[in-house]
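Q: Please take me on a close look at one part of the backbone here. I am new to this, so go slowly and tell me where each residue sits.

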Amino acid sequence: MRPTVKDVAKLAGVSPKTVSNVINGIVFVRPETRARVESALAELDYVPNMSARGLRNGRTGMIALALPDLLRPYSAEIVHLVVELAHERGWGVQIEQTAAEPKREFELLSKARAYLVDGLILNPVNLDDSAVLSAGPLPPLVLIGDVDQDLVSQVAIDNVAAARDLTQHLLDRGCRRIAVVGTPEVPRGSSGAGVLAGSSAGEPGTAASRLRTAGYREALAAAGIPVDPALEISLDRWRPEGAATVVGKYLTEHELPDAFFCFTDSMAAGALSALWSAGVRVPEQTLVAGFDNILESQFMIPPLTTIDFDRREFVAAALDLLGERMADKAAPPRRVMVPHRVIERASTAR
């Protein structure tokens, strides 16, 4: 039988209320009493029944955060801030990795509906493939990231404008042949010219890859430079090792471009490694820029030019929206756009 609060109270020689006070950590309990209760909790291997607690007061005090890839440095920064800022609100956080699989998203939405968590912050990479569209009635839910939707509240940055600004930064430095790393995989027989912003069914790549490709192309068009498919280096899994591989292969098959614009800083790290291995000097022979301004970007060699946005503002907005949804599930969805800026560093110095 699963031990109860009453079992712990009997073993510790205290009231069930005192045990609850120790578990919840809200009401002061004398150190010697707390020690007896904690010893009893450990001896009985007591685990709080979050479902039962939720049935009693309507809240578990837990929210869930689900990201597609926890290995990425960007994900680590988001997790850190969500845990820190949620703690200030008195919430615990359950961390999950979806691997962009609808099945995992569906399981998390089911947990929220079953009151195992009070709400969910989800980062789908594609709305068409996400369980958000097919999971039925939605629990308190906030999306972060790049999918274009109006079903639930969302926090995002303007990826098209950010990519356009970064490309313009490279154009202003005299670059004309700008390669981009991380564009959508284009099916055979397609020129790729139609892969623009949006998320209609059947489009390749992730929402972020489509939006950033669109911004890049808009900047080229404004400068009177035609799109060159040979300069769009596709990569579906945005990891540094993948970027190093595709950039290394590109260098053996193509003329060195004026610049590489990588759709994440992690991919920029891979590109810098491939360029170093090929004996290409940055920024003397080509420029390199990234996106996200992860902590490591300022310590790359050379320090990386990138797109930055206020992570704390981004996460705080997501938690605020989630709090609104938890308090009123019928509230209309809201979208919060967080400003971005170009951070110029030595990797694009001329």
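A: Let's start with the words we need: helices and strands here are DSSP runs, numbered from the N terminus, where a helix (H or I) has at least four residues and a strand (E) at least two. Please keep in mind that this is a predicted model.

Our part is the loop between strand 9 and strand 10 (306–309), and proline 302 has its place there. Look at the bond leading into proline 302: the peptide bond from isoleucine 301 is cis, with omega near -10 degrees.

Now find aspartate 292, whose place is also in the loop between strand 9 and strand 10. Aspartate 292 is not a glycine, and yet its phi is positive, at about 120 degrees. Is this residue buried or exposed? Aspartate 292 has 3% relative accessibility, so it counts as buried, since the cut-off for buried is under 20%.

To give this loop some context, step back to the loop between helix 10 (265–277) and strand 9 (287–289), where proline 283 lies. The peptide bond from valine 282 to proline 283 is cis, with omega near 10 degrees.

For a last look elsewhere, go to aspartate 45, in the loop between helix 3 (31–44) and helix 4 (50–57). Aspartate 45 is not a glycine either, and its phi is positive, at about 55 degrees. Its relative accessibility is 60%, so aspartate 45 counts as exposed, the cut-off for exposed being over 50%. Set side by side, aspartate 292 is buried, whereas aspartate 45 is exposed.

Methods
Residues are numbered from 1 along each chain as its sequence is written. This is a predicted model: local features need pLDDT of at least 70, side-chain atom pairs count only at pLDDT 80 or more; totals for chains, interfaces and linings use all residues. Side-chain values use heavy atoms; hydrogens and water are left out. Buried means under 20% relative accessible area, exposed over 50%, partly exposed in between (1.4 Å probe, protein chains only).
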